Each structure stands twice: as C-alpha cells, then as structure tokens.
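Ready for a few hands-on exercises? Have a look at the structure below, try each task yourself, and then compare your reasoning with the worked solution.

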Amino acid sequence: MEKAIKLIKNRSDIGAGTRGSDLGIDAIEIAAINRDSDYFNQFEFEDVKTHNESIYDKNRSTSAKRIEHVVEQCTRVCHAVKKNLERNYFPIVLSGDHSSALGTISGIKAAYPEQTLGVIWIDAHADLHSPYTSPSGNIHGMPLSAAIADDNLSCQNNEVPPETQQHWEGMKNIGCEGAKVLAEDIIYFGVRDTEEAEDKQIEKLHIRNYKVHEVRYRGLQTCVAEALTKLSHCDAIYISFDVDSMDCDMISYGTGTPVPKGFDQYEVIAIINRIIESKKVVCLEVVEVNPLLDTKGNKMAETAFEVLEAVTSTLILPIE
C-alpha cells in the first residue's frame, strides 16, 4: 500500500522583499500544461488561505516586516501539513516565499512530536537570521532561526520593538512550543550567499554545508551518503528546495534572490531522489519561483516543474 500524495498550495509572498512569488504555483502549473503533463490532475490538492493584501499595510517593524501576518500564514501552513500527515498523506508543499518553511516544519513536528526531525535545506541562502540580526527585515531569511528557536543575540545589530518580539516568540512556538529541529540535524546543500551573523551561527552550531563545488569535486553520491549518515538517527526528514539553489545564469533569474554558481536541475533531482530513497522523507517543499522576474519567459517555473515531476515519481512510500 502506498501513501497518497497531497499538494498543498500556499500562494503567499508576504515574507519576501520582492513581490511575485505568490504567482509561482500558477507559473508551475502553466509549465505543466505546456508540457502536456497531467501532473496537477493526478493528485488531490488543498489551497491555503493567504493574507497577501497585507503587503499594502504600512510596515510597523523594519526588523521583521509584516511579521504578524507571516505568523498567521505559517500557522495556516502548519495546520494543513499536520492534518494531512495525520491522514497519512505525503504532503508536497508548493509555496511562494521561503518563510512558509517554518509553518511546514512546525506542522511536521506537531504531527510527530516524539520523532526526531532532520532537515535538508537546498538553497543559496542559509535563512538563519532573526529580527535581531536581519539586514533586510524580510522574514523569508528567518525560518530556520525560528525552527531552532535561536535568536543569535551575540550578533544583534537591530533594536527590536516589544510588539515584534512578541510576534517572533509566537512564530517560534507555532504548532508546539520550542525548537522543532536541532541545528545539528540541519544540512545545507548549495548555500553560498550569507551574511556575517549567519556565518557565525553556522560555525557555532556546526551546521554542515555541502557547497556546489564540494558536491562536484567529491561526488554527489558521496556527499548525499554522508548527509544521510549524519541524519541516520532522525526518524523523519523534510526536504526544502528553494529554486535559487540553482544557477541563475544557467537556469533563470526568475526568483527573488538569484545567486550565480549554483546547481543545475539534474543535480537537484539527484540529491532529492537519493534522500527520498532513504524512506525517511515525510514532506517536500518547493519555493521562491517568481515569474515576474523571469527574463526567459517562464523558464524558472519550467525548470522547477521538471524537478518536481522527476522527484514525485520517486515518492512512493509504504504506509508504516
């Protein structure tokens, strides 16, 4: 017997600094149509209510923009993921900006409170800021700090007002109180654009980062095997795939924060498929396709769909 896949569509971009990733899911669906694929007719889906109109609100916090609405959105995602896991679905979460990952991780932990969760973060960015350290105030750069419940106060450079602090505490406690994942159980693939505060956190917390050049030099299979060994004690694994992990010059600039010298889509497919083969993956998320920024038509969404379609075929998991 197999777990049925459920598509969770979260068309929210309020955690980003650039508008447009809320259209990413529709762009991926258009890419599927143009490839004559019936992918989006094969699976049940659920639309998560959004609060995108909050982009018109005057920002009350420069250190964590629209945080009250991001907390609300992550809570919705958390409930959707938890509900579907408890109903024995395999959730594939398609989101706009990457702040949603905090909701997804919280939902997994809420569904499996006694299990140890490992996180594979395929991204150009560490997303390890907090309101106390963020140079932009964009919350799509903060989900992992919230997930590990670590504010990195030793690197504080922002004065955070009490109201924002209160919302941030709420964000760290979505789904269940406290940390959802240990820093030592997070593994990066492709992170190459970080700020000093994040670099210090990565070093202090001993978070492993398999950079693109290392994966190519040492071999993808070797690096992924090492990562799985490091997470061998974990009961469940969540994969978060940000499309900016891919090389913007090679693929497309159709994402909010493009970074050169990334993976190609075939490397991403191979990494994700190898991790899925461990039989520990319980949820996959794809984020940050922004068709408004794509200078090659719909190229980023087309490439994201290529990855999505390829890895979905590997997602046939037995019911435990």
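The exercises below deal with a predicted model, and each task is followed by its solution.

**Exercise 1. Describe how helix α10 and helix α11 pack: at what angle, and how far apart are their axes?**

Step 1. Locate the two helices: α10 covers residues 265-276 and α11 covers residues 299-312.

Step 2. Two packed helices are described by the angle between their axes and the distance between the axes. Here the angle is about 25° and the axes lie 9 Å apart.

Step 3. Now classify the angle. Angles under 35 degrees count as roughly parallel, so α10 is roughly parallel to α11.

Step 4. Add the handedness: α10 and α11 cross in a right-handed way.

Step 5. Look at who makes the contact. From α10 come Gln-265, Tyr-266, Val-268, Ile-269, Ile-272, Asn-273 and Ile-276, while α11 supplies Thr-303, Glu-306, Val-307, Ala-310 and Val-311. Sorted by class, the contact of α10 with α11 has 8 nonpolar, 3 polar and 1 charged residues.

**Exercise 2. Is Asn-273 buried or exposed?**

Step 1. Place the residue: Asn-273 sits in helix α10.

Step 2. Compare its accessibility with the cut-off. Buried means under 20% relative accessible area, and Asn-273 has 15%, so it is buried.

Step 3. Check its partners. Setting aside neighbours within four places in sequence, Asn-273 is in contact with Ala-310, Val-311 and Thr-314.

**Exercise 3. Do the same for α3 and α6: what angle do they pack at?**

Step 1. Helix α3 spans residues 67-86 and helix α6 spans residues 162-172. They pack at about 15°, and their axes are 9 Å apart.

Step 2. With the cut-off of under 35 degrees for roughly parallel, α3 therefore counts as roughly parallel to α6.

Step 3. The crossing of α3 and α6 is left-handed.

Step 4. On the α3 side, the contact is made by Ile-67, Glu-68, Val-70, Val-71 and Cys-74; on the α6 side, by Thr-164, His-167, Trp-168 and Met-171. In the contact of α3 with α6, 6 residues are nonpolar, 2 polar and 1 charged.

**Exercise 4. Which residues touch the most other members of the largest nonpolar core?**

Step 1. In soluble globular proteins, nonpolar side chains tend to be buried together. The largest nonpolar core of this model has 52 residues.

Step 2. Phe-189, Ile-239 and Ile-272 touch the most other members. Helix α11 gives this core its largest share, 7 residues.

Step 3. Zoom in on Phe-189. Beyond its neighbours within four places in sequence, its contacts include Ile-120, Trp-121, Tyr-210, Val-224, Phe-263 and Ile-271.

Step 4. Do not overlook the second, separate core: it has 48 residues, among them Leu-128, Met-171, Val-181 and Ala-236.

**Exercise 5. Which loop holds His-206, and which loop holds Lys-279?**

Step 1. His-206 lies in the loop between α7 (196-205) and β6 (208-210). Lys-279 lies in the loop between α10 and β8 (281-287).

Step 2. Read the backbone angles. His-206 has a positive phi of about 55° although it is not a glycine. Lys-279, not a glycine either, has a positive phi of about 70°.

Step 3. Finish with accessibility. Exposed means over 50%, so His-206, at 62%, is exposed. Lys-279, at 47%, counts as partly exposed.

Terms used
Residues are numbered from 1 along each chain as its sequence is written. This is a predicted model: local features need pLDDT of at least 70, side-chain atom pairs count only at pLDDT 80 or more; totals for chains, interfaces and linings use all residues. Side-chain values use heavy atoms; hydrogens and water are left out. Axes are lines fitted to C-alpha atoms, for helices over the stretch in contact, and angles run from 0 to 180 degrees between N-to-C directions. Helices (H or I, at least four residues) and strands (E, at least two) are DSSP runs, numbered from the N terminus. Angles under 35 degrees count as roughly parallel, over 145 as roughly antiparallel, 65 to 115 as roughly perpendicular and the rest as oblique. A crossing is left-handed if the near helix is turned anticlockwise from the far one by less than a right angle, and right-handed if clockwise. Contact means heavy atoms within 4.5 Å. Ala, Val, Leu, Ile, Met, Phe, Trp, Tyr, Cys and Pro count as nonpolar, Asp, Glu, Lys and Arg as charged, and the others, Gly among them, as polar. A nonpolar core is a set of buried Ala, Val, Leu, Ile, Met, Phe, Trp, Tyr and Cys residues joined through side-chain atoms within 4.5 Å. Buried means under 20% relative accessible area, exposed over 50%, partly exposed in between (1.4 Å probe, protein chains only).
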